[in-house]
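Subject: Handing over the structure

Hi,

Here is the structure I promised to pass on to you. Please open it next to this email, and my notes will follow below.

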Amino acid sequence: MYLKSVLFALGLLIVIACQHEPRGDAPRLLIENAYILTLEPGQTEPIKGYLLVDRAGSISRLAAGKPPSDLVVQRRLDAQGQWLLPGFVSAHSHLWQSGFYGIAANDNLEGWIARLYGVEAPKLDASQLYQLTRRGATQHLRNGITSVFNFTYTGADRSGEVDRQQLRGALDAGVRVIHGFNVRTVNDSWTPGMARERTAAFLTWADAQPESTRYLGTMLAGGAGFVTATSGQARVEGDLMREFSLGNQQHYLESVVDSAAERARYPLLEQTGIVGPRLIFGHFIHSTPELTAVAARAGVSMTWNPMSNGRLGSGMADVLAYRAAGMKVGMGVDGEASADRADPFENMRMGLYQVRALQQRAAAMQAYDVLHMHTLGSAQVLGIDEQVGSLKVGKRADMILLDPRAFTPWQEPYAALVFAAGVEDIREVFVEGVSLAR
């Protein structure tokens with residue numbers, strides 16, 4: 001009789017325990033007692049409250065105060081006042097360059113290109129590019145960058161294997177990625193038909209990858225604006241953009257030496273249908289007021305890469321003028337061969353302080369401006385702002401949990417974050433509510 005009573009009691013305890021165990025369909029994550037910087041337009045006042053992530057990885061609740069006491073979740077995290085903000089978006093990165101820190105240390109862009117692309121990159125095979133891309137993506141994630149536009153390296157490959165391996169490297173690391181596809185240089189031995197066939201084959205393969213929410217699509221990593229490109233290159237890129245509904249990010253007006261000749265190519269980009277809301281100019285340093293106005297009216301956006309531009313002596317993009325003209329501006333950490341740190345905090349500070357120093361006016365740009373450009377602004381430039389870039393119900397739960405103790409007491413949250421915080425203050429990085437870096 002005694003044994004039966006014990007067994008009955010144990011069974012009752014098991015039933016009670018099971019009732020409080022998170023079910024497989026329970027929300028994925030609850031973060032409570034957080035200081036939430038949403039970066040949503042109109043929501044500049046941080047929220048002291050909680051954020052709930054559903055089992056699909058989207059934000060299902062975000063509110064001030066305490067969550068319901070009976071909420072059952074798969075993981076409950078007490079932030080204890082730590083700061084929660086959206087994951088950074090790098091609108092311009094070269095993940096494969098993670099193996100070339102400090103290369104061509106005293107060269108400007110042209111010497112740097114000769115060393116990296118002329119000597120080192122051609123030695124890499126597809127498996128090495130996979131490893132370097134995965135390493136670069138992991139570094140981005142550890143530093144709080146959860147979404148990235150990735151310029152890939154193609155070299156002499158015609159098979160498409162280097163493209164496939166670089167996309168897999170990024171996805172296997174867990175980052176959310178737009179694949180920057182290089183169509184290769186069009187000439188007598190690489191015809192427009194060959195370029196189209198390789199593009200179509202890659203898009204079909206990429207769309208079949210199982211990471212349907214983390215693969216954000218493909219854009220062209222264009223080269224039609226280069227002084228070395230033929231008019232045929234521009235026609236091919238324009239045709240591919242139209243046929244496959246692709247965006248195009250061009251390295252444009254980065255070089256001091258080639259800037260005049262590249263500006264002269266702008267009408268060709270217009271004539272071939274490249275110019276428009278789907279075109280992004282990477283760097284866009286050596287523009288003119290007239291070109292800026294024309295590009296802004298056409299809906300062209302740009303990516304600002306202050307660390308890389310400073311390191312290579314390329315100059316400084318006049319982002320104040322671009323924004324005043326109505327151009328959307330995002331930020332990128334570029335490659336670890338030119339910026340050497342995939343560090344959005346250093347990138348924001350360098351950009352902000354360059355602007356203030358040049359203008360000799362601290363109020364010329366605010367801390368909130370660069371934080372916005374490296375999160376929601378970059379997402380807007382890439383056309384992914386419905387999914388990422390800010391914390392909002394319905395968006396993907398890509399977030400950073402940051403410990404502010406190193407810069408406490410602080411006066412104004414956004415200024416303290418941009419001026420004083422660093423990657424060392426990050427405690428956890430989430431993509432779709434799953435912790436990928438601690």
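What follows is a short tour, from the whole chain down to single residues.

Before anything else, please keep in mind that this is a predicted model.

**The chain as a whole**

The protein chain is built with 15 helices and 17 strands. Its C-alpha trace spans about 90 × 50 × 40 Å along the principal axes. How does the radius of gyration of the protein chain agree with that of a compact globule? For 438 residues such a globule would come out near 22 Å, and the protein chain has 24 Å, so the two agree.

Of those 438 residues, 57% count as buried. When contacts with a separation of 6 or more are considered, 76% of them in the protein chain come from residues 24 or more positions apart. On the outside, the protein chain exposes about 18100 Å², and carbon and sulfur atoms supply 53% of that area. As for charge, there are 41 positive and 44 negative side chains, with the centres of the two sets 4 Å apart.

**The nine-stranded sheet**

If you want one feature to look for on screen, try the open sheet of nine strands, which pair in parallel. Reading across, the order is β13-β12-β11-β10-β9-β8-β7-β6-β14. Which strands form the edges? They are β13 (329-331) and β14, each of which pairs on one side only.

Within the sheet, β7 (residues 145-151) and β8 (residues 176-181) are joined in the parallel sense by five bridges. Here Val148 stands opposite Val177 in β8. Strand β8 also runs parallel to β9, with four bridges between the two. In that pairing, Gly180 has Met219 in β9 as its bridge partner.

Is strand β9 largely enclosed or left open? Eight of the eight residues of β9 (residues 215-222) are buried, so this strand is largely enclosed by the rest of the structure. When you look at the strands, it helps to remember that side chains in a regular strand alternate between the two faces of the sheet.

**Three buried residues**

Gly247 sits in the loop between α6 (231-244) and β10 (248-252). Its relative accessible area is 11%, and because the cut-off for buried is under 20%, Gly247 counts as buried. Leaving aside neighbours within four places in sequence, Gly247 is in contact with Met219, Leu220 and Arg278. Met219 is the residue in β9 that is the bridge partner of Gly180. Gly247 and Gly222 are 25 residues apart in sequence, and their C-alpha atoms are 9.4 Å apart in space.

Asp163 is part of helix α4 (residues 161-173). With a relative accessible area of 0%, Asp163 is buried. Which residues is Asp163 in contact with, leaving aside its neighbours within four places in sequence? They are Thr152, Thr154, His179, Phe181, Arg198 and Phe202.

Ser259 belongs to helix α7 (residues 259-264). Ser259 is buried as well, at a relative accessible area of 9%. Not counting residues up to four places away in sequence, Ser259 touches Leu253 and His286.

**Backbone details to check**

Two residues have a positive phi although neither is a glycine: Gln80, at about 55°, and Asp334, at about 60°. Are they buried or exposed? Gln80 is exposed, with a relative accessible area of 68%, whereas Asp334 counts as buried at 4% relative accessibility. Gln80 is found in the loop between β4 (76-78) and β5 (83-86). Asp334, on the other hand, has its place in strand β14 (residues 334-335), which is an edge strand of the open sheet.

Where is there a cis peptide bond? The bond from Thr408 to Pro409 is cis, with omega near 5°. Pro409 lies in the loop between β15 (399-402) and α15 (413-420).

That is the tour. Happy exploring, and do write back with any questions.

Best wishes

How values were computed
Residues numbered from 1 in each chain as written. Predicted model: local features only at pLDDT ≥ 70, side-chain atom pairs only at ≥ 80, totals over all residues. Heavy atoms only, no water. Rg over C-alpha atoms; globule rule 2.2 N^0.38 Å. Buried < 20%, exposed > 50% of the residue type's maximum accessible area, 1.4 Å probe, protein only. Contact = heavy atoms within 4.5 Å. Areas by Shrake-Rupley, 256 points an atom, 1.4 Å probe, with all protein chains shown as cover. Lys, Arg positive; Asp, Glu negative; His and termini not counted. Charge placed at Lys NZ, Arg CZ, Asp CG, Glu CD. Pairing = 2+ DSSP bridges.
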